[in-house]
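Please open the model in your viewer and keep the sequence panel in view. The tour below proceeds by selection, with a note at each stop on what is to be found there.

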Amino acid sequence: PTRRSSDLDDRYSETSYYAENGLRKVYPYYFTFTTFTKGRWVGEKILDVFAREFRAHPVEEYERCILDGTLTVNYEQVDTEYRLRHNDLLANIVHRHETPVLSKPIEVVHLSEELVVLDKPCSLPVHPCGRYRHNTVVFILAKEYNLKNLRTIHRLDRLTSGLLMFGRNPRKAREMEQQIRNRQVLKEYICRVEGEFPEGKTECGQPVEVVSYKIGVCKVSSHGKECRTEFERLSYNGVTSVVVCRPFTGRMHQIRVHLQYLGFPVMNDPLYNHLVFGPEIGR
């Protein structure tokens, strides 16, 4: 079966935005999560699988959804004792409340037949993930700028603002992605860090390892992947420094982890500038 573009457009009309106290918010809406039964679930009771695999809600809530018929198998109501079979389609209707983001408009810096370049505000993820769907760059561009079917070239973390490129056709996206992968593109980031960063240029070549993909935490480790970042101080105000960062590799959280390791974590970084790393904050 082919996906019609009208099916894709339906998802944009699930809900709409409103602004409140400088935040972009989404009216709550109904959404159906679907997943096919995984091999390891076959023969198990539906309630046991949801209790173990989907911990977003307590088991009592899944029980209520099964009894109410909002959690179905092959779009038919079952009871909590139902044992899953191969290729069963599980569908769960949920009332989604998305997390607000900054209501700063997305500024399109460059638009051609092949490329979109925009200034991404912080707090906004690029793609739907976790608690974000409509409050993402891709959905906002589709709904408010009528820019659809964009192809990812590179990404920016949710909390990072700055220039973001999309291809408007697969060929252009692949070509640009290749240039980034072959390091023909120099990326520069500017951030404010704790403390007095040394003057001039500082290089960090410590390997970085992912501790957990699930919660997204990395650390400097001899078992990590090769990693190199160059830093250059722009200013110091007696408490914090503004630093330009040039990553020569593309590891997850590379800049934040290297700055933490050097002892100058990014200001208000909720992860790597946290006391959970000890009194030295992971220096």
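Select Tyr-29 together with Arg-96: Tyr-29 stands opposite Arg-96, a residue of strand 5. The model is a predicted one. Now extend the selection to strand 3 and to strand 5, residues 89–96; the two run antiparallel and are paired over eight bridges.

Add strand 4 to complete the sheet. The three strands form an open sheet in the order 3-5-4, with antiparallel pairing. Strand 3 (29–36) and strand 4 (71–73) are the edge strands; each has a single partner, so one side of each is left without a neighbour in the sheet. From one strand to the next, the twist averages 20 degrees. As background, strands of a sheet are joined through backbone hydrogen bonds, in either a parallel or an antiparallel manner.

**The whole chain**

Zoom out and display the full chain. It contains six helices and 16 strands. Along the principal axes, its C-alpha atoms fill a box of roughly 65 × 50 × 40 Å. Of the 283 residues, 39% count as buried. Among contacts between residues at least 6 apart in sequence, 57% join residues at least 24 apart.

**Lys-120**

Next, select Lys-120, which belongs to strand 8 (residues 115–120). Which side chain of opposite charge is nearest to this buried lysine? It is that of Asp-157, 8.2 Å away, and Lys-120 has no salt bridge. Because a salt bridge requires a side-chain nitrogen of Lys or Arg within 4 Å of a carboxyl oxygen, the separation of 8.2 Å from Asp-157 does not qualify.

Show the backbone atoms around the lysine. A polar atom of the Lys-120 side chain lies 2.6 Å from the backbone oxygen of Leu-124. The side chain of Lys-120 also reaches the backbone oxygen of Asp-157, at 3.3 Å. Beyond its neighbours within four places in sequence, Lys-120 is in contact with several residues, among them Val-126, Val-137, Leu-156, Arg-158 and Leu-164.

**Salt bridges**

Now colour the charged side chains. The salt bridges in the model number 21. In general terms, side chains of opposite charge can pair when their charged atoms come close.

Begin with Lys-25 and Glu-20, which form a salt bridge whose closest N and O atoms are 2.7 Å apart. Lys-25 counts as buried at 18% relative accessibility, whereas Glu-20 is partly exposed, with a relative accessible area of 35%.

Move to Glu-144 and Arg-24, whose side chains meet in a salt bridge at 3.0 Å, N to O. Glu-144 lies in helix 4 (residues 137–144) and Arg-24 in strand 2 (residues 23–26), so this pair ties together parts that are 120 residues apart in sequence. Glu-144 is partly exposed, at 44% relative accessibility, while Arg-24 is buried, with a relative accessible area of 9%.

A further pair is Glu-114 and Lys-172, which meet at 4.0 Å, N to O. Glu-114 sits in the loop between strand 7 (107–111) and strand 8, and Lys-172 in helix 5 (residues 170–181); the two are 58 residues apart, and the pair links distant parts of the chain. Glu-114 is partly exposed, with a relative accessible area of 26%, and Lys-172 is buried, at 13%.

Finally for this stop, select Arg-40, Glu-44, Arg-52 and Glu-53 together: these residues are linked in a network of salt bridges.

**Helix 6**

Select residues 254–262, which make up helix 6; seven of its nine residues are buried. Those buried are Gln-254, Ile-255, Arg-256, Val-257, His-258, Leu-259 and Gln-260. They pack against several strands, including strand 11 (189–194), strand 13 (208–212) and strand 16 (240–247). Step past the end of the helix to Gly-263, which follows helix 6 and has a positive phi, near 95 degrees.

**Gly-22**

The last selection is Gly-22, in the loop between strand 1 (17–20) and strand 2. Gly-22 counts as partly exposed, at 43% relative accessibility. Apart from its neighbours within four places in sequence, Gly-22 is in contact with Val-101, Leu-102 and Ser-103. To close, draw a distance from Gly-22 to Leu-163: the two residues are 141 apart along the chain, and their C-alpha atoms are separated by 22 Å.

Key
Residues numbered from 1 in each chain as written. Predicted model: local features only at pLDDT ≥ 70, side-chain atom pairs only at ≥ 80, totals over all residues. Heavy atoms only, no water. Helix = DSSP H or I, 4+ residues; strand = E, 2+ residues; numbered from the N terminus. Buried < 20%, exposed > 50% of the residue type's maximum accessible area, 1.4 Å probe, protein only. Lys, Arg positive; Asp, Glu negative; His and termini not counted. Polar contact = N/O pair within 3.5 Å; in protein donor to acceptor, adjacent residues only side chain to side chain. Contact = heavy atoms within 4.5 Å. Pairing = 2+ DSSP bridges. Axes fitted to C-alpha atoms, helices over the stretch in contact; angles between N-to-C directions.
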